[in-house]
Amino acid sequence: MTDSAVIQERSRRRWAYVLLAPSAFWYLALLVLPLIVVLVYSVGERAETGGYQAAFTFDNYLNLGARWTAFQNTLTLAPAGTLICLLAGYPLAYYLAVKASPKTRLFLLILVVVPFWTSFLIRTYAWMFILGGRGLPQLLDYIGIEGVRLINTPLAVLVGIVYGYLPLMVFPIFVSLEKLDKRLLEASEDLGAAPFATFRQVTLPLSAPGVITGCMLVFILLMGEYLIPQMLGGGKVFFIGNALVDLFLQSLNWPFGSACAMALVVIMVVTVTLYLKATRGTGGRDVSLM
Amino acid sequence: MLRGYAAFVYLFLYAPIALIVLFSFNSGNNASDFQGFAFSWYVKAANNKLMLGALKNSLVVAATSATLATVMGTMAALALQGVRGPLRTIFDGLTYVAIMVPGIVIGIATLIALVTTFDAANALIAGIWPGEAPPKLGLGYGSIIAAHTLFAMALVIVIVRARIAGMDRSLIEASADLYADPVATFRQVTLPQLMPGIVAGFLLSFTFSFDDFVIAFFVAGSQQTLPIYVFSSIRRGVTPEINAIGTAVMLFSLTALITAQVLLRRGRKPAG
Amino acid sequence: MTDPRKEFIAQLRRYQMGSISRRHFLGVTGLGTAMAVLAGAVPGLRPRPTFAAGEIGDKVSLTSWPNYHDQANLDAFAEMTGATVELTVFGSNEEMYAKLKAGGTGWDVFVPTNYTIQNYVDADLIDPLDLAQIPNYDPASLTDPRMTEPGSIGGKVYAVHKDWGTTGFVQNTKELPDKITSWKEFWDITKDKASGRVMVHDYQLTTIGNALKYFGYSFNSNDEKELADAEKLLIEAKPHLFAINSDYQPSMRNGDAWMSVAWTGDGKQLHKDIPEIVYVLGKEGGEIWSDFYAVPKAAPNKKGAYALINYLLDPEVNTKELLFHGYPVADKRVIAKLPPDVANDPIMYPAAELLTPLEFGASDVLTNPLRAEIMARFKSA
């Protein structure tokens with residue numbers, strides 16, 4: 001290596017540090033520090049009148065079983081919701097990126113994003129009405145299907161999930177499909193590959209980073225979901241997010257809440273790491289993180 | 001068939017929105033019983049100072065945190081290309097965890113960490129403050145922006161890096177071979193290629209922040225963001241005013257998106 | 001030095017000419033304090049628009065409950081003082097307490113319920129009120145010490161009475177014509193005819209409390225065995241519930257729910273709009289409570305806070321508030337202004353024999369960890 005190359009390398013490094021500094025600071029102040037505080041709280045005790053009192057005990061972790069149902073509900077409905085979002089979102093993203101004419105593509109893409117810009121709460125509120133007694137059940141009643149109850153059931157929560165998070169699934173898949181070189185598809189077709197084979201061997205692997213990112217985004221948001229079960233589940237469908245809100249804002253058991261939060265973080269990290277290990281290789285080297 | 005399916009998805013996406021819009025013109029004051037056509041709820045919403053304040057707060061918070069996240073995230077994504085070793089591992093790990101930690105945990109963790117820090121800082125300020133009423137740190141805009149930026153920044157890092165990974169490197173190499181200086185290469189070759197990722201990252205960040213309820217619910221002070229206001233309103237019992245607000249916000253977003261698109265098109269070189 | 005009297009006259013002239021603001025005039029002449037004392041003593045002197053625009057800042061935050069304030073009154077306050085009222089509503093006292101305890105809220109005025117005031121004082125979150133700044137607070141006109149005393153702790157007034165109420169249930173008699181008079185019937189019919197149509201609060205105090213009443217136990221019981229009975233009942237009833245949610249008005253209004261645990265004012269509001277919805281007090285008893293105005297220690301705008309409380313306690317304003325929210329106020333000056341049909345309203349002012357068995361919630365019940373766990377198990381079951 002020549003001297004000038006070494007100098008260049010050094011200045012490159014220095015630049016890299018400068019560029020990394022703000023985000024590193026943010027991570028330290030708003031991620032590492034808060035998580036340490038939560039960790040400290042999680043081995044503490046609930047003060048007599050609620051809140052936190054310094055202590056060193058693992059009781060809060062040993063007591064996690066008390067929220068087993070909440071974990072169970074979350075761990076069933078979150079993956080189910082993610083899967084449904086993927087199944088529903090992929091064809092749309094594919095249509096937008098590959099089939100739609102370039103002229104309308106952008107317009108159609110905007111149409112997917114626009115609902116996302118209306119308040120999530122208002123959209124969920126619309127479903128409270130649609131699934132409530134004066135909505136769909138009344139319509140079904142007219143055509144002779146009586147006594148259907150939708151609102152405040154796990155099904156209602158699932159509908160809300162798909163509705164709320166579909167755009168989040170479509171967007172990353174679209175981004176990765178859009179990069180896909182259409183000549184590859186044409187080449188594959190020209191070589192006589194069946195459409196499905198083309199899809200399986202060309203499109204799907206190339207869109208994998210988008211699928212992986214989309215699934216992760218939706219899954220992560222669902223694992224911490226609070227509003228949808230609260231509004232469409234009527235407080236009867238209890239997610240870990242609802243348990244956390246109750247522990248912090250109702251029963252003031254901050255240490256136990258912190259332990260639940262830590263458990264949730266660990267579950268997330270383990271599940272997602274396993275998931276990424278399992279999907280490694282499909283995502284390409286440089287996006288292996290995601 | 002795919003087209004039909006797409007149409008169905010759009011129906012699914014827009015039926016509830018159509019309902020929101022329809023009921024925003026309801027003359028009755030019940031959000032679920034259509035009694036006649038009226039414009040009165042828009043007038044009411046336009047005069048609702050609280051709601052306008054919440055909307056303004058939300059816009060400020062979303063714009064600030066999306067900008068911060070996009071700038072810092074893009075910087076980090078570019079820098080990470082040239083960084084190896086433990087620093088890279090740690091940074092990747094942090095990005096990974098930032099994305100992994102659910103919003104609700106971020107909200108709770110930020111709340112207790114900030115409050116603990118503020119308590120200590122306020123005691124310190126009170127101790128050294130010469131005047132009578134020392135300034136007090138508290139939850140507010142800053143805390144919401146800070147917490148939103150965290151998640152959004154990690155998101156931008158991931159998106160931009162995915163874009164970098166898919167980038168056509170031969171162009172950069174060609175540019176370097178032609179002895180273009182690095183800044184010019186960056187501006188004329190790298191940045192345009194990254195732009196879709198950066199824009200996507202910004203849009204996602206803005207959307208996330210504008211719509212976030214749960215983090216703001218924990219870390220907001222007495223300021224309300226629009227989602228917090230709407231949540232309160234649903235508790236108070238909903239009138240079609242909420243529908244009018246939702247419709248207005250949607251129109252606003254649509255206009256903003258279209259304007260941005262037109263501006264981007266115009267800015268693009270014709271040969272592009 | 002100039003002659004103070006001359007100086008005073010000069011200032012008065014300038015004030016009359018409009019070259020200095022009223023606030024400046026009162027400040028430089030030291031009349032401000034004197035006026036405040038006078039205003040408190042002589043009702044006729046109470047200046048209505050007490051504040052020059054901007055004097056108390058441009059906003060005062062009020063943390064309260066859903067359907068609890070007439071927006072017209074808050075608007076009028078803003079008109080008068082230039083300070084917009086930033087209203088936030090909460091779902092439960094626990095939530096309110098937790099948020100304030102966590103700190104940094106920026107609240108100026110909030111509305112705690114009787115049994116929480118002790119907790120706020122213990123946690124050092126509120127100070128005794130400076131009553132001189134609330135001339136409209138008049139202990140002599142308060143009618144019922146049971147409703148107003150919880151605001152005073154150790155002889156100091158930490159919070160002033162807003163209104164009081166009971167926790168019973170609302171019933172849609174068109175969908176559910178049965179005559180239901182007790183909590184026993186409430187829970188039995190929930191598991192039977194009204195299955196899928198009943199709501200309970202997302203609030204351990206009332207939900208567990210009224211399940212305890214099924215067995216005739218105290219609403220405030222912390223007894224393990226009694227709580228275990230209540231839990232069993234709640235878990236049995238859970239599949240039959242429409243929702244666990246303290247915001248029951250929308251569902252009662254659109255007919256999805258036929259019955260819900262409810263507070264007086266919501267009962268009143270629902271009955272007014274939909275006459276077939278009635279408000280019932282379980283004959284075994286249940287909860288009676290009263291709400292207060294208090295100022296957090298950390299309130300950023302204390303001046304505005306006092307101005308707002310004083311304004312809301314003005315008998316005229318307070319009466320308008322009552323007519324809006326439907327909760328009784330234990331203040332002679334307000335009661336005197338009520339139209340007869342309101343003053344004799346059986347929902348707002350129930351018969352004495354119905355009130356007798358009611359209990360005030362106890363502060364240790366609010367923070368009892370066992371009750372919190374039972375509520376969590378009930379919700380996640």
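This dialogue goes through selected features of a predicted model.

Me: Let us begin with chain B. How many helices and strands does chain B have?

Reply: Chain B is built from eleven helices and zero strands. Read from the N terminus on, its elements follow the order α-α-α-α-α-α-α-α-α-α-α.

Me: Which domains does the domain assignment of chain B give?

Reply: The assignment gives domain 1, made of 1-38 + 244-272, and domain 2, made of 50-238. The centres of domain 1 and domain 2 of chain B, taken over C-alpha atoms, are separated by 27 Å.

Me: What is the radius of gyration of chain B, and what would a compact globule of 272 residues have?

Reply: Chain B has a radius of gyration of 23 Å, whereas a compact globule of 272 residues would have one near 19 Å. Along the principal axes, the C-alpha atoms of chain B fill a box of roughly 70 × 70 × 30 Å. Of the 272 residues of chain B, 45% count as buried. Among contacts in chain B with a separation of 6 or more, 79% come from residues 24 or more positions apart.

Me: How should one read the interfaces, and how many residues of chain B are in contact with chain A?

Reply: The size of an interface is often given as the accessible area lost when the parts come together. Here the description is by residues in contact: 70 residues of chain B meet 65 residues of chain A. Several helices of chain B give two or more residues to this side, including H1 (2-24), H3 (49-80), H5 (103-128) and H8 (182-211). H1(B) gives the most, with eleven residues. By class, the side of chain B that touches chain A divides into 53 nonpolar, 13 polar and four charged residues.

Me: Which elements give two or more residues to the side of chain C that touches chain B?

Reply: The contact takes 20 residues from chain C and 20 residues from chain B. On the side of chain C, the elements that give two or more residues are strand E2 (84-89) and helix H11 (249-253). E2(C) provides the largest share, five residues. This side of chain C has six nonpolar, eleven polar and three charged residues.

Me: How is the packing of two helices read, and at what angle do H5 and H7 of chain A pack?

Reply: Two packed helices are described by the angle between their axes and the distance between the axes. Helix H5 (residues 120-131) and helix H7 (residues 154-179) of chain A pack at an angle of about 145 degrees, and their axes are 11 Å apart. The crossing of H5(A) and H7(A) is right-handed. From H5(A), the residues in this contact are A:Phe120, A:Arg123, A:Thr124, A:Trp127 and A:Leu131, and they meet A:Ala156, A:Val159, A:Gly160, A:Tyr163 and A:Gly164 in H7(A). The residues of the contact comprise six nonpolar, three polar and one charged.

Me: Is A:Leu77 buried or exposed?

Reply: A:Leu77 counts as buried because it has 22 C-beta neighbours inside 10 Å, and the cut-off for burial is 20 or more. The residue is placed in helix H3 (residues 68-99) of chain A. Leaving aside residues up to four places away in sequence, A:Leu77 touches A:Pro154, A:Val157 and A:Leu158. The C-alpha atoms of A:Leu77 and A:Leu155 are separated by 9.8 Å, with their positions 78 residues apart along the chain.

Me: How should a positive phi be read, and where is A:Asn152 found?

Reply: Most residues other than glycine have a negative phi, and most peptide bonds are trans. A:Asn152 has a positive phi, near 65 degrees, and is found in the loop between helix H6 (136-142) and H7 of chain A. With 29 C-beta neighbours inside 10 Å, A:Asn152 counts as buried. Phi of C:Asp124 is also positive, near 60 degrees, and this residue lies in the loop between helix H6 (114-122) and helix H7 (145-148) of chain C. C:Asp124 counts as exposed because it has 9 C-beta neighbours inside 10 Å.

Me: Which residues of helix H14 of chain C are buried, and what covers them?

Reply: In helix H14 (residues 315-325) of chain C, the buried residues are C:Val317, C:Asn318, C:Thr319, C:Glu321, C:Leu322 and C:His325. Their cover includes helix H4 (71-81), strand E6 (160-172) and helix H12 (264-273) of chain C. After H14(C) comes C:Gly326, whose phi is positive, near 80 degrees.

Key:
Residues are numbered from 1 along each chain as its sequence is written. Chains are lettered from A and ligands numbered from 1 in the order in which they are written. This is a predicted model: local features need pLDDT of at least 70, side-chain atom pairs count only at pLDDT 80 or more; totals for chains, interfaces and linings use all residues. Axes are lines fitted to C-alpha atoms, for helices over the stretch in contact, and angles run from 0 to 180 degrees between N-to-C directions. Helices (H or I, at least four residues) and strands (E, at least two) are DSSP runs, numbered from the N terminus. A crossing is left-handed if the near helix is turned anticlockwise from the far one by less than a right angle, and right-handed if clockwise. Two residues are in contact if their C-beta atoms, placed from the backbone, lie within 7 Å. Ala, Val, Leu, Ile, Met, Phe, Trp, Tyr, Cys and Pro count as nonpolar, Asp, Glu, Lys and Arg as charged, and the others, Gly among them, as polar. Domain bounds come from an automatic or database domain assignment. The radius of gyration is taken over C-alpha atoms; the globule rule is 2.2 Å times the number of residues to the power 0.38. A residue is buried if 20 or more other C-beta atoms lie within 10 Å of its own, exposed if 12 or fewer, and partly exposed in between; C-beta atoms are placed from the backbone.
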